[in-house]
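The following paragraphs lead the reader through a protein model, from its charged pairs to one of its helices. Please keep the sequence and the coordinates in view while reading.

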Amino acid sequence: MKRIKKALCLLLSLAMLAGLCTGCGNNAGQKKRAKKIGISMPNDSEARWSTDSETLHDLLTAAGYEVNIQFAGNDAAAQAQQIQDMIGAGCTTIIAAAVEPSRLAADLALEDTDRQRISGGSAEDEAEDEAHSPIDDGLNLIAYQTLITDSGIVDYYVGFDGYEAGYLQASCIEDMLSLADTTNTYNLELFFGDPNDPLTAFQYQGAMEVLQVYIDAGVLSIASGQTALEDVCSASADDANPRMETLLSSTYAAGGLDAVLCADDTLARAVSDTLFDHYAGGVFPILTGQGCLEQNVNDLVSGRQAMTLLDDCTGMAEEAARVAIALSSGESVDTTDSLDNGRINVPASLFYPQEVYADSITDLLMTPGYFAVNTDGSYKAVTPYTAQKTDSTADETGSDGTSSAGSAASAPAG
């Protein structure tokens with residue numbers, strides 16, 4: 001008899017739920033939000049964005065979410081509009097890899113107090129229900145690989161630790177010049193990346209934590225006097241090349257340059273080419289980098305570059321999906337990491353780069369399948385590590401979610 005009563009109760013509950021779904025009014029529609037998650041990527045031409053979108057799509061749809069994927073074509077204004085459209089379509093959680101992270105929040109024109117109203121609530125609802133803040137009830141914005149700065153609307157960051165990258169690069173120079181044990185003075189110059197990328201400032205801070213001690217002690221000298229972040233940033237290799245030429249024709253016309261901290265491989269290649277053509281010194285300076293670009297990996301062997309950093313994205317999309325599901329379900333995400341975006345400390349899941357030297361190419365790049373050896377002994381990139389997926393997400397779905405630069409939605413699974 002108890003089983004019959006339970007069955008009748010279950011049928012009655014299902015009937016009531018069906019009635020709510022088919023005949024709900026405006027109030028019910030506001031209280032019962034659809035499980036929709038938006039994914040905003042800079043473009044679909046780079047493997048890391050298209051592949052990560054596929055991974056996110058597969059994981060989120062498998063969890064029962066409707067996924068709206070947009071590619072911005074590297075247009076910051078278009079990305080902001082696409083995200084606004086996602087919000088208007090009912091996406092209350094957005095995973096965004098910002099085209100221009102320093103301006104995305106301003107382009108979205110969202111303030112903390114607007115978030116509940118955008119997601120279907122009202123100012124009156126917010127005032128009456130003090131137990132639920134806009135951050136709890138409104139938009140969940142996850143910054144993916146690029147930190148959104150100077151804004152309180154970002155809830156979480158999933159990406160690389162730029163501070164650690166700078167720290168590792170500076171530590172390479174510290175070790176190779178034996179700075180902790182020397183009484184000599186060595187000359188160093190700094191080349192950092194795009195000043196509009198928030199991670200550039202973190203990378204600079206990480207590097208200077210190591211270097212400043214030796215600069216203050218007189219063991220390191222930056223003879224050009226260019227030490228401030230704004231003086232050592234280059235938006236591209238086209239900017240780095242003439243700056244290096246100027247340094248060589250003035251400050252280092254007679255040689256004497258011992259090391260150049262280059263924040264990434266593109267900058268390292270520009271600096272290396274200029275040094276190779278114009279440097280008057282007898283010993284090639286120590287160069288750092290980041291990115292494991294094919295030519296730079298070969299430069300590790302030839303001695304034109306001392307080290308690079310491997311930014312392995314494997315697992316990053318999976319982590320972003322995990323965070324998105326938790327936040328959209330109203331759950332908290334446990335983490336001990338955070339990054340200051342200029343207004344708030346953003347909770348974060350940080351991924352750390354790995355140092356690659358000539359003697360670790362086999363272990364770090366060849367064994368995982370990122371690089372192979374040519375017949376002449378040089379190295380060639382086989383699979384972009386930024387596009388590498390784990391076995392659990394390796395199946396191709398052929399979904400429309402990554403096939404065009406427009407929006408693509410898929411129905412919830414099940």
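With which residue does Arg269 form a salt bridge? In this predicted model, the partner is Asp299, and the closest N and O atoms of the two residues are 2.4 Å apart. The pair links distant parts of the chain, for Arg269 belongs to helix α13 (residues 265-278) and Asp299 to helix α14 (residues 294-302), 30 residues apart. The two partners can be set side by side in terms of exposure: Arg269 has a relative accessibility of 22% and counts as partly exposed, whereas Asp299 is buried, with a relative accessible area of 3%. The pair also belongs to a network of salt bridges that links Arg269, Asp273, Asp299 and Arg304.

The structure holds eight salt bridges, and two further examples deserve attention. Arg343 forms a salt bridge with Asp150, with the closest N and O atoms 3.9 Å apart. Arg343 lies in the loop between β11 (337-340) and β12 (345-351), and Asp150 in the loop between β4 (140-144) and β5 (156-160); the pair therefore ties together parts that are 193 residues apart in sequence. Arg343 is partly exposed, at 48% relative accessibility, and Asp150 is partly exposed as well, with a relative accessible area of 45%.

A salt bridge within a single helix joins the side chains of Arg103 and Asp107, at 2.7 Å from N to O. Because these residues are four apart in helix α5 (residues 101-108), about one helical turn separates them. Arg103 is partly exposed, with a relative accessible area of 32%, and Asp107 is partly exposed at 28%.

The setting of these pairs is a protein with 16 helices and 16 strands. Of its 414 residues, 47% are buried. Among contacts with a separation of 6 or more, 73% are between residues 24 or more positions apart. The accessible surface comes to about 19,100 Å², and carbon and sulfur atoms account for 49% of this area.

Helix α4 may now be considered in detail. It comprises 13 residues (residues 76-88), which at 1.5 Å a residue should span 18 Å; the end C-alpha atoms are 19 Å apart, in agreement with that expectation. Which residues of α4 are buried? They are Ala76, Gln79, Ala80, Gln82, Ile83, Met86 and Ile87. Seen down the axis of α4, the buried residues fall within an arc of 160°, so they line one face of the helix. At the start of α4, a side-chain oxygen of Asp75 reaches to within 3.0 Å of the backbone nitrogen of Ala77. Just after the helix, Gly90 takes a positive phi of about 105°.

One of the buried residues, Gln79, has its place in helix α4. The relative accessible area of Gln79 is 1%; the residue counts as buried because this value is under 20%. The side chain of Gln79 makes a polar contact with the side chain of Ser40, at 3.0 Å. When neighbours within four places in sequence are left aside, Gln79 is in contact with Ser40, Met41, Pro42, Ala72, Ala97, Ala98, Val99 and Leu104.

Note on methods. Residues numbered from 1 in each chain as written. Predicted model: local features only at pLDDT ≥ 70, side-chain atom pairs only at ≥ 80, totals over all residues. Heavy atoms only, no water. Helix = DSSP H or I, 4+ residues; strand = E, 2+ residues; numbered from the N terminus. Expected span 1.5 Å × (residues − 1). Buried < 20%, exposed > 50% of the residue type's maximum accessible area, 1.4 Å probe, protein only. Arc of directions from axis to C-beta. Polar contact = N/O pair within 3.5 Å; in protein donor to acceptor, adjacent residues only side chain to side chain. Contact = heavy atoms within 4.5 Å. Areas by Shrake-Rupley, 256 points an atom, 1.4 Å probe, with all protein chains shown as cover. Salt bridge = Lys/Arg side-chain N within 4 Å of Asp/Glu carboxyl O.
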